[in-house]
Amino acid sequence: MVGMDVDAPFSEQWSQDDARNKQQAVERNELLQAPKNRPTRIVAMGGGTGLPMVLKGLARRAAPKAGQPGVDITAVVAMSDDGGSSGRLRRNHGMLPPGDIRNCLVALAGGKSALKDVFQYRFGGAKGLAGHAVGNLLIAALAELKGDFLEAVRLSGELLGAKGQVLPSTLASVQLVAQMHDDTEVVGERNICRAQGRVRRVSLSPRSPPPVDGLLEAIYSADLIAIGPGSLYSSVLPNLLVDGVAQALKETRALKVMVANLMTQPGETDGMNCLDHVQAVIDHVGPVLDAVLVNGRMPSEESIQRYARKGSFMVTAETRELLSSGVIPVQADLLKEGSKIRHDSRKVAACLLKMARSGL
């Protein structure tokens, strides 16, 4: 496999007199032991609308069935959101942004329920509760009641019957900082979205915030790490900039797969192809990707033209270029039926599980 030697024996990495460290590494990553009849462990990282799409598909496969051990799902959510309801709760109550976490919990709940509808209900009007999602307020209330944001997320997951756990990437209050191509600096995710021009690089402030408990352990014990799809600079990269995450991704024996975006995002990834997205990850945190899952089915010409009028274009992928960057392109039909160019959660989940269980 390009970028990762899965056959390298322990004897080449540890001396014989370092048995204790070897044993600790084996315990840390069960993928190095004999296969077990256990659920497939998948860590999905991102934010925005892309991560819930992946989780929705995986949640359908979570329960064990005949011949299938099920899926153990951990969602890792970026904590730099400062817009909308989440931003108001951050500014007014000094709490972490709950919006993306709420969407992930609802995606993991699966099926239809009145409680899911309540969680996603957003108040109308112009003042007071206007614009707030009920789920955001519930997570905020539980966080104040318990004095623990992580416990609030766990309890919300229990209420919804989420088929997996959701982890904020960090419990530190972080802001996203972007260096633009004209050398200006923009602070705050909502300001970056409004800024004109292309992003060159992003960082978190404070830099290298500590990871939430359990995050690095989940990465080390996973069979597959799914990164994206979603806004490259505001949803994907912030997770990778948390202290220890990039190093854990380099060390884990899990397969690291970037789910490629279907379309460019106006004002953020204008003119970027799949290789540019992969290269942006490499430039920020190094060679942490093994493969990239790309869509192999063309949308309708009508849909392409409609998106083009809004400044959004297809993210093209060239196999040779991707291989030269050290990642393996895996192509499949990932499109959802309909007039909008979107990923199909079932198709994406099926591909990720096949890759996790086969090694690629």
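In this predicted model, helix H4, which spans residues 99-109, is mostly covered, with 10 of its 11 residues buried. The buried positions are Gly99, Asp100, Ile101, Arg102, Cys104, Leu105, Val106, Ala107, Leu108 and Ala109. Readers scanning that list will notice that charged residues appear in it too, namely Asp100 and Arg102. Just after H4 comes Gly110, with a positive phi near 65°.

A little further along the chain is helix H5, residues 114-120, which contains Val118. Together with Leu115 and Leu159, Val118 makes a nonpolar surface patch of about 240 Å². Val118 counts as partly exposed because its relative accessibility is 41%, which lies between the 20% and 50% limits for that class.

The structure holds one aromatic pair. Its members are Tyr121 and Phe123, whose ring centres are 5.6 Å apart and whose planes meet at 85°, so the arrangement is edge-to-face. The angle settles the matter, because planes over 60 degrees apart fall in that class. Both rings belong to partly exposed residues, with a relative accessible area of 48% for Tyr121 and 29% for Phe123. Gly124 sits in the loop between H5 and helix H6 (134-146) and counts as exposed, at 56% relative accessibility. The C-alpha atoms of Gly124 and Ser325 are separated by 48 Å, and these two residues are 201 apart along the chain.

Salt bridges come next, and there are eight of them. One joins Arg154 to Glu151, with the closest N and O atoms 2.5 Å apart. These partners are three residues apart in helix H7 (residues 149-160), and so about one helical turn separates them. In general, an α-helix has 3.6 residues a turn, so residues three or four places apart point the same way. Arg154 is partly exposed at 41% relative accessibility, and Glu151 is also partly exposed, at 23%.

A second salt bridge links the side chains of Asp183 and Arg200, with an N to O distance of 2.8 Å. Asp183 lies in the loop between strand S4 (175-180) and strand S5 (185-187), whereas Arg200 belongs to strand S6 (residues 199-205), so the contact ties together parts 17 residues apart in sequence. Asp183 is exposed, with a relative accessible area of 56%, while Arg200 is partly exposed at 41%. Asp183 is also notable for its backbone: although not a glycine, Asp183 has a positive phi of about 75°.

Lys347 and Asp333 provide another salt bridge, at 3.1 Å from N to O. Lys347 is in helix H15 and Asp333 in the loop between S10 and H15, so this pair connects parts that are 14 residues apart in sequence. Both partners are partly exposed, with relative accessible areas of 23% for Lys347 and 33% for Asp333. The contact belongs to a wider arrangement, since salt bridges with shared partners join Arg297, Asp333, Glu337 and Lys347 into one network.

The loop between strand S10 (328-332) and helix H15 (345-358) also holds Lys340. Lys340 is one of the residues forming a positive surface patch, along with Lys56, Arg60, Arg309, Lys310, Lys336, Arg342 and Arg346. With a relative accessibility of 47%, Lys340 counts as partly exposed. That value qualifies Lys340 for the patch because patch members need over 30% relative accessible area and no salt bridge.

Some backbone features complete the description. Most residues other than glycine have a negative phi, and most peptide bonds are trans. Against that background, Ser205 and Pro206 are joined by a cis peptide bond, with omega about 0°. Pro206 is placed in the loop between S6 and helix H9 (215-221). That loop also contains Ser208, which has a positive phi near 45° although it is a residue other than glycine. Ser208 is partly exposed, with a relative accessible area of 45%. A cis peptide bond also runs from Gly228 to Pro229, with omega near 0°. Pro229 is found in the loop between strand S7 (224-227) and helix H10 (232-240).

Note on methods: Residues numbered from 1 in each chain as written. Predicted model: local features only at pLDDT ≥ 70, side-chain atom pairs only at ≥ 80, totals over all residues. Heavy atoms only, no water. Patch = residues over 30% accessible without salt bridge, like charges linked within 9 Å, V, L, I, M, F, W, Y side chains within 5 Å. Areas by Shrake-Rupley, 256 points an atom, 1.4 Å probe, with all protein chains shown as cover. Salt bridge = Lys/Arg side-chain N within 4 Å of Asp/Glu carboxyl O. Helix = DSSP H or I, 4+ residues; strand = E, 2+ residues; numbered from the N terminus. Buried < 20%, exposed > 50% of the residue type's maximum accessible area, 1.4 Å probe, protein only. Charge placed at Lys NZ, Arg CZ, Asp CG, Glu CD. Phe/Tyr/Trp six-rings, centres within 6.5 Å; stacked < 30°, edge-to-face > 60°.
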